[in-house]
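Work through the exercises below with the sequence and the model side by side. Try each task before reading its solution.

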Amino acid sequence: MPIPIITTGIAEGLSAIPYSYTVLKVTPWILLIAALKYYFGGARNGSERLMHSKVVMVTGGTSGIGATVVYELASRGAQVILLTQHAQSDIFLIDYIEDLRKATGNQLIYAEQVDLSSLHSIRTFATKWIDNVPPRRLDMLILCANTANPTEKITVDGIDEEWQVNYLANFHLLSILSPALRVQPPHRDVRVIMTTCSSYIGAPKLDFSQLDVNTIPIHKKTAGTKPLRTQASRKAEPKQKRQSQIQRKHIYGLSKLSLMIFATSFQKHLNAFKRPDGQPPSTRVILVDPGLTRTPGTRRWLTGGSLWGLLLYLITWPIWWLVLKSPQQGAQSILYAAMEARFGRGTGGWMLKECREVDFARKEVTDEAVGKQLWEASERQIEEREREGAVLRALEKKENEQKENVKVRSQGSVRVKKSASSASSASSVSASSGAKEQKPGSRRSRKGNGNSK
């Protein structure tokens with residue numbers, strides 16, 4: 001069919017072909033949009049790796065980029081352990097895992113309940129994982145969990161959710177799982193992949209006073225704790241309030257910057273471990289920037305969490321479709337970090353973007369002094385929050401036990417009252433029957449009269 005049309009166009013001119021001028025006008029725009037879409041789609045992962053017998057632990061693997069990473073790794077035969085806030089009996093999680101098993105043909109997909117917004121939940125899982133002899137196999141840990149809230153949201157530990165989920169939860173999880181990573185055999189290729197964002201470049205300098213207890217916004221005061229206010233503290237309140245507002249505005253970038261500083265420090269921590277066999281460490285830490293992606297978190301941030309924002313997002317959706325990556329495109333750099341062979345050797349601590357290694361844009365990332373200070377401040381914050389959380393859980397448990405005891409006592413008193421009332425009613429019935437007058441002509445009266453005679 002194209003040959004007769006071309007022949008007609010050459011012999012009789014373009015005017016002889018219907019809609020020829022319209023097609024010629026529209027075609028360049030279509031080609032331009034296709035070229036822009038290809039450009040904004042980013043690089044593609046060209047590495048392949050056999051993932052059979054590999055044990056991969058993934059956070060944030062039920063939606064967005066994490067779901068694509070889980071699908072790709074499970075398709076290649078990896079045993080995947082999803083760390084999710086949903087309970088294992090949750091209907092959504094059960095259906096999701098069943099569908100994933102059918103789609104990938106891989107039955108080795110499991111889930112563990114780990115709520116990253118709860119330090120207690122993280123410690124419960126991590127301690128259970130490392131409390132095993134011999135140590136469990138762990139080939140890869142991919143941290144895809146991320147949140148970007150349009151408004152401030154506080155976790156059960158009294159910490160800003162963005163700060164806790166994006167950074168502090170990863171710090172807490174890896175700090176506890178560190179022994180499990182260090183004891184892996186030297187020939188095993190173990191990788192810890194952390195996802196970051198280019199927003200760390202514009203984040204302000206870390207203010208470690210904001211990481212201490214009873215500070216805002218990263219750390220919230222628990223109910224009933226009021227710090228002593230002095231004249232100096234009253235004068236400093238306006239300045240602290242302005243600093244808190246600045247910190248809240250850049251909390252997402254600060255969390256990503258802190259995660260990157262911790263990543264390089266954690267790699268040095270692993271490299272400093274002296275193995276009993278004298279072999280070099282087998283774990284490498286890799287930072288990955290997947291780029292701007294159309295994930296549920298990005299959509300929530302763009303809409304501002306409002307219906308009007310959602311309406312505006314739907315109207316401008318063609319722009320976001322063109323500029324932002326799809327979850328499949330955003331997962332390419334993570335898959336490249338998981339499969340590229342050259343990342344299985346060396347000292348680790350690399351930064352990847354668009355499937356290639358790049359340098360850090362902030363010097364604090366590799367600063368040992370800053371890393372040490374951040375590590376110590378994070379440990380203090382976790383210790384304080386866990387201590388207060390343990391006290392609250394103990395009080396809640398005691399309160400529930402008291403309520404249960406009161407309930408049992410109330411039920412017991414009700415039963416006693418019922419038995420007493422039934423006994424009294426029975427005695428009253430018998431007394432009334434005994435005291436009942438004998439009518440003349442009755443059997444008893446006749447018998448009594450006979451005996452008297």
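Four exercises follow, each with a worked solution.

This is a predicted model, in which local features need pLDDT of at least 70 and side-chain atom pairs count only at pLDDT 80 or more, while totals for chains, interfaces and linings use all residues. Residues are numbered from 1 along each chain as its sequence is written, and side-chain values use heavy atoms, with hydrogens and water left out.

**Exercise 1.** Determine where S118 lies and whether S118 is buried or exposed.

Solution.
- Step 1: Helices (H or I, at least four residues) and strands (E, at least two) are DSSP runs, numbered from the N terminus. S118 falls in the loop that runs between β3 (109-113) and α5 (119-130).
- Step 2: Buried means under 20% relative accessible area, exposed over 50%, and partly exposed in between (1.4 Å probe, protein chains only). The relative accessible area of S118 is 12%, so S118 is buried.
- Step 3: Leaving aside residues up to four places away in sequence, S118 touches V156, D157 and Q164; contact means heavy atoms within 4.5 Å.

**Exercise 2.** Check the span of helix α8 against its expected value.

Solution.
- Step 1: The expected span is 1.5 Å times one less than the number of residues.
- Step 2: Helix α8 (residues 251-271) has 21 residues, so it should span 30 Å.
- Step 3: The end C-alpha atoms of α8 are 30 Å apart, which agrees.
- Step 4: Of the 21 residues of α8, 18 are buried, so this helix is largely enclosed by the rest of the structure.

**Exercise 3.** Find the salt-bridge partners of R387 in helix α14.

Solution.
- Step 1: A salt bridge is a side-chain nitrogen of Lys or Arg within 4 Å of a carboxyl oxygen of Asp or Glu.
- Step 2: The side chain of R387 meets that of E383 at 3.1 Å, N to O. Both residues lie in helix α14 (residues 368-434), 4 residues apart, about one turn of the helix.
- Step 3: R387 also forms a salt bridge with E384, at 2.9 Å, N to O. E384 and R387 are 3 residues apart in α14, so about one helical turn separates them.
- Step 4: E383 is partly exposed at 47% relative accessible area, and R387 is partly exposed at 42%.

**Exercise 4.** Classify both partners of the salt bridge between E364 and R362 by accessibility.

Solution.
- Step 1: The side chains of E364 and R362 meet at 2.8 Å, N to O.
- Step 2: E364 has a relative accessible area of 16%, so E364 is buried.
- Step 3: R362, at 12%, is buried.
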